[in-house]
Amino acid sequence: MKIKYLFTILFIITILCFGFTEIKSEASSSLPRKTGFFNAGEMTMEKTYPLDSMTTLSNGDVLITKGEEAELYNAAKRKFKKLPLHEAMQEVSSIALNDGRVIFIGRSVKPVGIESMHRYFFEEFNPRTGKFKVLLKLDNFYFPTKNALKLMNGNIFLQGNVDAYVYNVEKNTLSKNIQFYDDKFRYFNEYDTAIAMNDLGKVFIFGSGYCKKTDPNRIRTYVFMFNPDTNKITLHGNLQIQRLGNIKAVTLNHNHIAVFGGKNDSGADAQSLKTYELYNIQSGKSKIAGEFPLWINNFLKMKLTYDGKIITNIPYGKYKNEYKPFVFDLNQQIEESSRGSYGGGIDIHLPSMTRLSDGCYLYAGGYDEKGLDSKKAYKYCP
(Lines give C-alpha, C1' and ligand atoms only; values in the text may rest on other atoms or scores of the structure.)
Protein backbone atom coordinates (compact mmCIF):
# COMPACT_ATOMS: atom_id res chain seq x y z
CA MET A 1 0.00 0.00 0.00
CA LYS A 2 2.78 2.39 0.88
CA ILE A 3 4.36 1.87 -2.54
CA LYS A 4 0.99 2.47 -4.20
CA TYR A 5 0.48 5.74 -2.30
CA LEU A 6 4.04 6.78 -3.08
CA PHE A 7 3.46 6.40 -6.83
CA THR A 8 0.20 8.34 -6.52
CA ILE A 9 1.93 11.22 -4.74
CA LEU A 10 4.74 11.29 -7.31
CA PHE A 11 2.19 11.32 -10.13
CA ILE A 12 0.31 14.28 -8.61
CA ILE A 13 3.54 16.23 -8.07
CA THR A 14 4.56 15.60 -11.68
CA ILE A 15 1.20 16.87 -12.97
CA LEU A 16 1.37 19.97 -10.78
CA CYS A 17 4.92 20.75 -11.86
CA PHE A 18 3.97 20.36 -15.52
CA GLY A 19 0.95 22.60 -15.01
CA PHE A 20 2.98 25.34 -13.36
CA THR A 21 5.56 25.09 -16.15
CA GLU A 22 2.85 25.54 -18.77
CA ILE A 23 1.37 28.52 -16.92
CA LYS A 24 4.80 30.10 -16.58
CA SER A 25 5.56 29.51 -20.26
CA GLU A 26 2.24 31.00 -21.37
CA ALA A 27 2.66 34.00 -19.07
CA SER A 28 6.20 34.68 -20.23
CA SER A 29 5.20 34.47 -23.88
CA SER A 30 2.46 37.03 -23.29
CA LEU A 31 4.76 39.54 -21.63
CA PRO A 32 4.91 42.88 -23.47
CA ARG A 33 7.85 43.28 -25.82
CA LYS A 34 10.51 45.78 -24.82
CA THR A 35 10.18 49.03 -26.68
CA GLY A 36 12.94 51.42 -27.64
CA PHE A 37 16.21 51.45 -29.54
CA PHE A 38 18.81 48.73 -29.62
CA ASN A 39 22.22 48.46 -31.21
CA ALA A 40 21.93 46.11 -34.17
CA GLY A 41 25.58 45.80 -35.14
CA GLU A 42 27.72 47.37 -37.85
CA MET A 43 27.88 46.79 -41.58
CA THR A 44 31.14 46.01 -43.34
CA MET A 45 30.35 47.47 -46.78
CA GLU A 46 32.54 50.31 -47.99
CA LYS A 47 29.60 52.53 -49.00
CA THR A 48 26.37 52.49 -47.05
CA TYR A 49 24.40 55.60 -48.04
CA PRO A 50 22.03 55.49 -49.66
CA LEU A 51 21.50 51.74 -49.71
CA ASP A 52 20.16 50.31 -52.96
CA SER A 53 17.91 47.77 -51.26
CA MET A 54 16.99 46.39 -47.85
CA THR A 55 14.79 43.31 -47.86
CA THR A 56 13.52 41.09 -45.05
CA LEU A 57 13.70 37.44 -46.08
CA SER A 58 11.17 34.73 -45.26
CA ASN A 59 13.57 33.26 -42.67
CA GLY A 60 13.81 36.58 -40.81
CA ASP A 61 17.25 37.62 -42.07
CA VAL A 62 17.76 40.90 -43.95
CA LEU A 63 19.51 41.24 -47.29
CA ILE A 64 21.22 44.59 -47.90
CA THR A 65 22.82 45.78 -51.16
CA LYS A 66 24.84 48.79 -52.28
CA GLY A 67 26.52 48.82 -55.66
CA GLU A 68 28.34 45.51 -56.14
CA GLU A 69 28.43 44.80 -52.41
CA ALA A 70 25.88 42.92 -50.35
CA GLU A 71 25.48 41.78 -46.78
CA LEU A 72 23.21 39.40 -44.93
CA TYR A 73 22.03 40.45 -41.48
CA ASN A 74 21.16 37.76 -38.94
CA ALA A 75 18.57 39.47 -36.76
CA ALA A 76 18.81 36.92 -33.94
CA LYS A 77 22.61 37.17 -33.62
CA ARG A 78 22.88 40.85 -34.65
CA LYS A 79 25.62 39.91 -37.09
CA PHE A 80 26.37 41.13 -40.61
CA LYS A 81 27.89 38.70 -43.07
CA LYS A 82 29.57 39.87 -46.27
CA LEU A 83 28.30 38.20 -49.45
CA PRO A 84 29.88 37.71 -52.89
CA LEU A 85 29.84 40.64 -55.33
CA HIS A 86 26.84 40.89 -57.62
CA GLU A 87 25.56 42.93 -60.55
CA ALA A 88 25.54 46.65 -59.72
CA MET A 89 22.25 48.35 -60.51
CA GLN A 90 20.46 51.68 -60.08
CA GLU A 91 16.79 52.34 -59.29
CA VAL A 92 16.66 48.93 -57.65
CA SER A 93 13.44 47.15 -56.79
CA SER A 94 13.75 44.08 -54.57
CA ILE A 95 11.00 41.52 -54.05
CA ALA A 96 11.11 38.64 -51.56
CA LEU A 97 9.49 35.54 -53.05
CA ASN A 98 7.53 32.88 -51.18
CA ASP A 99 10.27 30.29 -51.73
CA GLY A 100 12.84 32.48 -49.91
CA ARG A 101 14.61 33.91 -52.96
CA VAL A 102 14.89 37.63 -53.63
CA ILE A 103 14.50 39.15 -57.09
CA PHE A 104 16.37 42.38 -57.88
CA ILE A 105 15.34 44.55 -60.81
CA GLY A 106 17.27 47.62 -61.91
CA ARG A 107 19.23 49.57 -64.48
CA SER A 108 22.93 48.95 -65.11
CA VAL A 109 25.34 51.39 -63.47
CA LYS A 110 28.15 50.56 -65.89
CA PRO A 111 27.11 52.17 -69.17
CA VAL A 112 29.42 51.52 -72.10
CA GLY A 113 27.79 53.19 -75.06
CA ILE A 114 24.14 54.01 -75.66
CA GLU A 115 22.89 50.42 -75.54
CA SER A 116 24.18 49.61 -72.08
CA MET A 117 22.76 52.89 -70.72
CA HIS A 118 19.38 51.27 -71.30
CA ARG A 119 20.34 47.84 -69.95
CA TYR A 120 18.20 46.24 -67.27
CA PHE A 121 18.96 43.23 -65.10
CA PHE A 122 16.74 40.76 -63.30
CA GLU A 123 18.86 39.04 -60.67
CA GLU A 124 18.11 36.57 -57.90
CA PHE A 125 19.64 35.92 -54.50
CA ASN A 126 19.27 32.40 -53.18
CA PRO A 127 19.65 32.25 -49.36
CA ARG A 128 20.25 28.48 -49.49
CA THR A 129 23.42 28.92 -51.54
CA GLY A 130 24.25 32.49 -50.51
CA LYS A 131 24.84 33.36 -54.18
CA PHE A 132 23.55 35.84 -56.76
CA LYS A 133 22.57 34.89 -60.30
CA VAL A 134 21.53 37.06 -63.27
CA LEU A 135 18.26 35.67 -64.61
CA LEU A 136 17.45 38.09 -67.40
CA LYS A 137 19.30 40.91 -69.17
CA LEU A 138 17.45 43.41 -71.35
CA ASP A 139 19.18 45.84 -73.70
CA ASN A 140 17.54 48.93 -75.20
CA PHE A 141 15.09 48.94 -72.32
CA TYR A 142 14.55 52.07 -70.26
CA PHE A 143 12.13 51.86 -67.40
CA PRO A 144 12.45 54.63 -64.77
CA THR A 145 10.72 53.22 -61.71
CA LYS A 146 11.13 51.69 -58.29
CA ASN A 147 7.45 50.74 -58.17
CA ALA A 148 7.31 46.97 -57.93
CA LEU A 149 5.19 44.56 -55.93
CA LYS A 150 4.53 40.85 -55.76
CA LEU A 151 1.15 39.81 -57.09
CA MET A 152 -0.94 37.11 -55.46
CA ASN A 153 -0.13 34.73 -58.30
CA GLY A 154 3.59 35.03 -57.48
CA ASN A 155 4.54 37.25 -60.42
CA ILE A 156 5.94 40.79 -60.09
CA PHE A 157 4.13 43.92 -61.28
CA LEU A 158 6.28 46.85 -62.42
CA GLN A 159 4.72 50.29 -62.87
CA GLY A 160 6.62 53.11 -64.52
CA ASN A 161 5.59 56.67 -65.26
CA VAL A 162 3.63 55.48 -68.29
CA ASP A 163 4.35 51.83 -68.94
CA ALA A 164 3.71 48.75 -66.86
CA TYR A 165 5.04 45.20 -67.14
CA VAL A 166 4.57 41.85 -65.45
CA TYR A 167 7.59 39.67 -64.77
CA ASN A 168 6.73 35.97 -64.80
CA VAL A 169 8.91 34.49 -62.07
CA GLU A 170 8.47 30.86 -63.09
CA LYS A 171 9.10 31.39 -66.81
CA ASN A 172 11.68 34.19 -66.33
CA THR A 173 9.98 36.36 -68.96
CA LEU A 174 8.77 39.95 -69.13
CA SER A 175 5.34 40.71 -70.55
CA LYS A 176 4.61 43.10 -73.37
CA ASN A 177 4.11 46.75 -72.55
CA ILE A 178 0.86 47.38 -70.65
CA GLN A 179 -0.72 50.85 -70.91
CA PHE A 180 -4.05 52.46 -70.22
CA TYR A 181 -5.85 53.48 -73.38
CA ASP A 182 -9.05 55.43 -73.85
CA ASP A 183 -9.65 57.74 -76.81
CA LYS A 184 -11.15 60.30 -74.41
CA PHE A 185 -7.85 60.63 -72.53
CA ARG A 186 -4.35 61.75 -73.37
CA TYR A 187 -1.08 61.53 -71.53
CA PHE A 188 -0.03 65.09 -70.82
CA ASN A 189 3.25 64.61 -68.96
CA GLU A 190 5.30 62.02 -67.12
CA TYR A 191 5.22 61.95 -63.33
CA ASP A 192 6.32 59.56 -60.63
CA THR A 193 3.47 57.25 -59.77
CA ALA A 194 2.60 55.31 -56.61
CA ILE A 195 0.98 51.88 -56.44
CA ALA A 196 -0.81 49.87 -53.78
CA MET A 197 -2.55 46.48 -53.83
CA ASN A 198 -5.77 45.51 -52.08
CA ASP A 199 -6.60 42.17 -50.48
CA LEU A 200 -8.16 40.91 -53.74
CA GLY A 201 -4.91 41.36 -55.65
CA LYS A 202 -5.92 44.42 -57.68
CA VAL A 203 -3.25 47.12 -58.08
CA PHE A 204 -4.19 50.81 -57.89
CA ILE A 205 -2.09 53.48 -59.61
CA PHE A 206 -1.94 57.07 -58.34
CA GLY A 207 -0.31 60.25 -59.67
CA SER A 208 -0.39 59.40 -63.36
CA GLY A 209 -0.26 62.17 -65.97
CA TYR A 210 -3.47 61.31 -67.86
CA CYS A 211 -6.11 63.99 -68.40
CA LYS A 212 -9.27 64.34 -70.48
CA LYS A 213 -8.66 65.57 -74.02
CA THR A 214 -11.46 68.07 -73.65
CA ASP A 215 -10.20 69.46 -70.32
CA PRO A 216 -8.50 72.86 -70.86
CA ASN A 217 -7.11 72.77 -67.30
CA ARG A 218 -5.51 69.33 -67.80
CA ILE A 219 -6.64 68.06 -64.41
CA ARG A 220 -4.82 64.84 -63.54
CA THR A 221 -6.56 63.33 -60.53
CA TYR A 222 -7.48 60.00 -62.07
CA VAL A 223 -6.89 56.65 -60.36
CA PHE A 224 -6.28 53.54 -62.45
CA MET A 225 -6.49 49.86 -61.65
CA PHE A 226 -4.43 46.94 -62.94
CA ASN A 227 -6.23 43.59 -62.97
CA PRO A 228 -3.80 40.62 -63.01
CA ASP A 229 -6.55 38.34 -64.32
CA THR A 230 -6.93 40.37 -67.53
CA ASN A 231 -3.50 42.09 -67.65
CA LYS A 232 -5.30 45.37 -68.34
CA ILE A 233 -5.21 48.84 -66.80
CA THR A 234 -8.57 50.60 -66.55
CA LEU A 235 -9.91 53.85 -65.12
CA HIS A 236 -11.16 53.32 -61.57
CA GLY A 237 -11.82 56.64 -59.81
CA ASN A 238 -10.61 60.07 -58.77
CA LEU A 239 -8.58 61.75 -56.08
CA GLN A 240 -9.76 65.03 -54.60
CA ILE A 241 -6.75 67.03 -55.80
CA GLN A 242 -3.82 66.65 -58.19
CA ARG A 243 -0.79 64.93 -56.72
CA LEU A 244 2.03 65.08 -59.25
CA GLY A 245 5.46 63.63 -58.47
CA ASN A 246 6.86 62.48 -55.10
CA ILE A 247 3.70 60.60 -54.20
CA LYS A 248 3.25 57.56 -51.95
CA ALA A 249 0.34 55.19 -51.38
CA VAL A 250 -0.23 52.81 -48.45
CA THR A 251 -3.02 50.21 -48.22
CA LEU A 252 -4.66 50.65 -44.80
CA ASN A 253 -7.36 47.97 -44.95
CA HIS A 254 -9.58 46.10 -47.42
CA ASN A 255 -11.41 49.30 -48.35
CA HIS A 256 -9.01 52.26 -48.06
CA ILE A 257 -5.68 53.40 -49.46
CA ALA A 258 -3.94 56.46 -47.98
CA VAL A 259 -2.30 58.71 -50.59
CA PHE A 260 0.41 61.17 -49.53
CA GLY A 261 2.43 63.95 -51.13
CA GLY A 262 2.72 65.30 -54.64
CA LYS A 263 2.38 68.82 -56.00
CA ASN A 264 -0.89 70.52 -56.83
CA ASP A 265 0.27 71.54 -60.29
CA SER A 266 3.11 71.12 -62.76
CA GLY A 267 4.06 74.77 -63.14
CA ALA A 268 6.87 76.75 -61.54
CA ASP A 269 4.50 77.97 -58.81
CA ALA A 270 3.31 74.48 -57.87
CA GLN A 271 3.07 73.81 -54.14
CA SER A 272 4.05 70.59 -52.39
CA LEU A 273 1.10 69.08 -50.53
CA LYS A 274 1.00 68.07 -46.89
CA THR A 275 -2.61 66.98 -46.99
CA TYR A 276 -3.31 63.30 -47.47
CA GLU A 277 -6.46 61.59 -48.58
CA LEU A 278 -8.20 58.26 -48.24
CA TYR A 279 -9.17 56.55 -51.47
CA ASN A 280 -12.22 54.31 -51.18
CA ILE A 281 -11.63 51.19 -53.25
CA GLN A 282 -15.33 50.30 -53.41
CA SER A 283 -16.69 53.67 -54.51
CA GLY A 284 -13.69 54.99 -56.46
CA LYS A 285 -13.95 58.25 -54.57
CA SER A 286 -11.59 60.00 -52.22
CA LYS A 287 -11.70 62.42 -49.31
CA ILE A 288 -9.14 64.64 -47.61
CA ALA A 289 -8.37 62.97 -44.28
CA GLY A 290 -5.89 65.37 -42.69
CA GLU A 291 -2.35 66.68 -42.88
CA PHE A 292 0.81 64.60 -42.82
CA PRO A 293 3.53 66.73 -41.16
CA LEU A 294 6.42 65.58 -43.35
CA TRP A 295 7.15 66.53 -46.94
CA ILE A 296 7.20 63.53 -49.26
CA ASN A 297 10.51 63.16 -51.11
CA ASN A 298 12.70 60.48 -52.63
CA PHE A 299 14.48 59.85 -49.32
CA LEU A 300 11.34 59.30 -47.27
CA LYS A 301 10.47 55.66 -46.60
CA MET A 302 7.15 54.69 -45.06
CA LYS A 303 5.83 51.56 -43.38
CA LEU A 304 2.43 50.80 -41.90
CA THR A 305 2.68 49.43 -38.36
CA TYR A 306 0.53 46.55 -37.15
CA ASP A 307 -1.58 49.00 -35.12
CA GLY A 308 -2.32 51.27 -38.07
CA LYS A 309 0.30 53.98 -37.75
CA ILE A 310 2.78 55.34 -40.27
CA ILE A 311 6.44 54.97 -39.30
CA THR A 312 9.21 56.57 -41.35
CA ASN A 313 12.97 56.89 -41.55
CA ILE A 314 12.76 60.67 -41.12
CA PRO A 315 13.70 61.76 -37.59
CA TYR A 316 11.01 62.80 -35.12
CA GLY A 317 13.23 65.07 -33.08
CA LYS A 318 16.84 65.85 -32.33
CA TYR A 319 18.79 66.09 -29.10
CA LYS A 320 22.58 66.14 -29.21
CA ASN A 321 22.37 64.64 -32.70
CA GLU A 322 20.27 61.68 -31.61
CA TYR A 323 17.18 60.95 -33.65
CA LYS A 324 14.00 58.98 -33.21
CA PRO A 325 11.86 57.63 -36.05
CA PHE A 326 8.80 59.67 -36.89
CA VAL A 327 5.52 57.93 -36.04
CA PHE A 328 2.15 59.34 -37.11
CA ASP A 329 -1.17 58.06 -35.79
CA LEU A 330 -3.63 58.28 -38.69
CA ASN A 331 -6.66 57.71 -36.48
CA GLN A 332 -5.75 60.30 -33.86
CA GLN A 333 -4.17 62.68 -36.40
CA ILE A 334 -1.20 63.29 -34.14
CA GLU A 335 2.55 62.87 -34.16
CA GLU A 336 3.56 60.21 -31.71
CA SER A 337 6.89 60.38 -29.97
CA SER A 338 8.76 57.13 -30.49
CA ARG A 339 8.11 55.02 -27.44
CA GLY A 340 10.78 53.53 -25.25
CA SER A 341 13.95 54.84 -23.73
CA TYR A 342 16.22 51.81 -23.57
CA GLY A 343 18.51 53.76 -25.87
CA GLY A 344 18.96 57.46 -26.54
CA GLY A 345 17.91 57.21 -30.17
CA ILE A 346 19.69 56.59 -33.44
CA ASP A 347 22.61 58.74 -34.53
CA ILE A 348 22.33 58.09 -38.26
CA HIS A 349 20.47 60.37 -40.65
CA LEU A 350 18.07 59.27 -43.40
CA PRO A 351 18.71 55.54 -43.09
CA SER A 352 16.94 52.83 -45.01
CA MET A 353 14.47 50.74 -43.05
CA THR A 354 12.67 47.41 -43.16
CA ARG A 355 10.22 45.68 -40.88
CA LEU A 356 11.59 42.58 -39.20
CA SER A 357 9.62 39.39 -38.64
CA ASP A 358 9.15 40.26 -34.94
CA GLY A 359 7.40 43.55 -35.78
CA CYS A 360 10.41 45.74 -34.99
CA TYR A 361 12.26 47.85 -37.57
CA LEU A 362 15.87 47.76 -38.72
CA TYR A 363 17.51 51.10 -39.56
CA ALA A 364 20.78 51.14 -41.50
CA GLY A 365 22.61 52.86 -44.31
CA GLY A 366 22.36 56.50 -43.30
CA TYR A 367 25.10 59.05 -42.67
CA ASP A 368 26.53 60.39 -39.42
CA GLU A 369 26.76 63.91 -37.99
CA LYS A 370 29.85 64.59 -40.13
CA GLY A 371 28.06 63.67 -43.32
CA LEU A 372 30.02 60.43 -43.73
CA ASP A 373 28.57 57.01 -44.43
CA SER A 374 27.51 55.39 -41.17
CA LYS A 375 28.04 51.67 -40.79
CA LYS A 376 25.88 51.50 -37.67
CA ALA A 377 22.53 49.77 -37.60
CA TYR A 378 19.72 50.07 -35.08
CA LYS A 379 16.63 48.11 -34.19
CA TYR A 380 13.58 50.03 -33.08
CA CYS A 381 10.59 48.35 -31.43
CA PRO A 382 7.56 50.68 -31.19
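This is a short tour of one loop residue, some aromatic rings and two charges that sit over rings. Keep in mind that the model you have open is predicted.

Start by selecting Ser-266. You'll land in the loop between β21 (256-263) and β22 (275-280). Is Ser-266 buried or exposed? Neither, quite: its relative accessibility is 37%, so it counts as partly exposed. Now show what surrounds it. Beyond its neighbours within four places in sequence, Ser-266 touches Phe-188, Tyr-191, Arg-220 and Leu-244. Pick Tyr-191 from that group: it's 75 residues away from Ser-266 along the chain, yet their C-alpha atoms are 9.4 Å apart.

Next, turn on the aromatic side chains. There are 25 aromatic pairs in the structure. Try Phe-180 and Phe-185: with ring centres 5.5 Å apart and planes at 85 degrees, this pair is edge-to-face. Both of these residues are buried. Then select Phe-204 and Tyr-279, a tilted pair with 6.3 Å from centre to centre and 55 degrees between the planes. Because Phe-204 belongs to strand β16 (residues 203-206) and Tyr-279 to strand β22, the pair ties together parts that are 75 residues apart in sequence. Phe-204 and Tyr-279 are buried too.

Go back to Phe-180 and Phe-185 and add Tyr-187, Tyr-210, Tyr-222 and Phe-224: together they make up one aromatic cluster.

Last stop, charges over rings. Select Lys-274 and Trp-295, and you'll find the charged end of the lysine over the ring, 4.5 Å from its centre. Then move to Arg-355, which lies over the face of Tyr-306, 4.4 Å from the ring centre.

Conventions: Residues numbered from 1 in each chain as written. Predicted model: local features only at pLDDT ≥ 70, side-chain atom pairs only at ≥ 80, totals over all residues. Heavy atoms only, no water. Helix = DSSP H or I, 4+ residues; strand = E, 2+ residues; numbered from the N terminus. Buried < 20%, exposed > 50% of the residue type's maximum accessible area, 1.4 Å probe, protein only. Contact = heavy atoms within 4.5 Å. Phe/Tyr/Trp six-rings, centres within 6.5 Å; stacked < 30°, edge-to-face > 60°. Lys NZ or Arg CZ within 6 Å of the ring centre and 35° of its normal.
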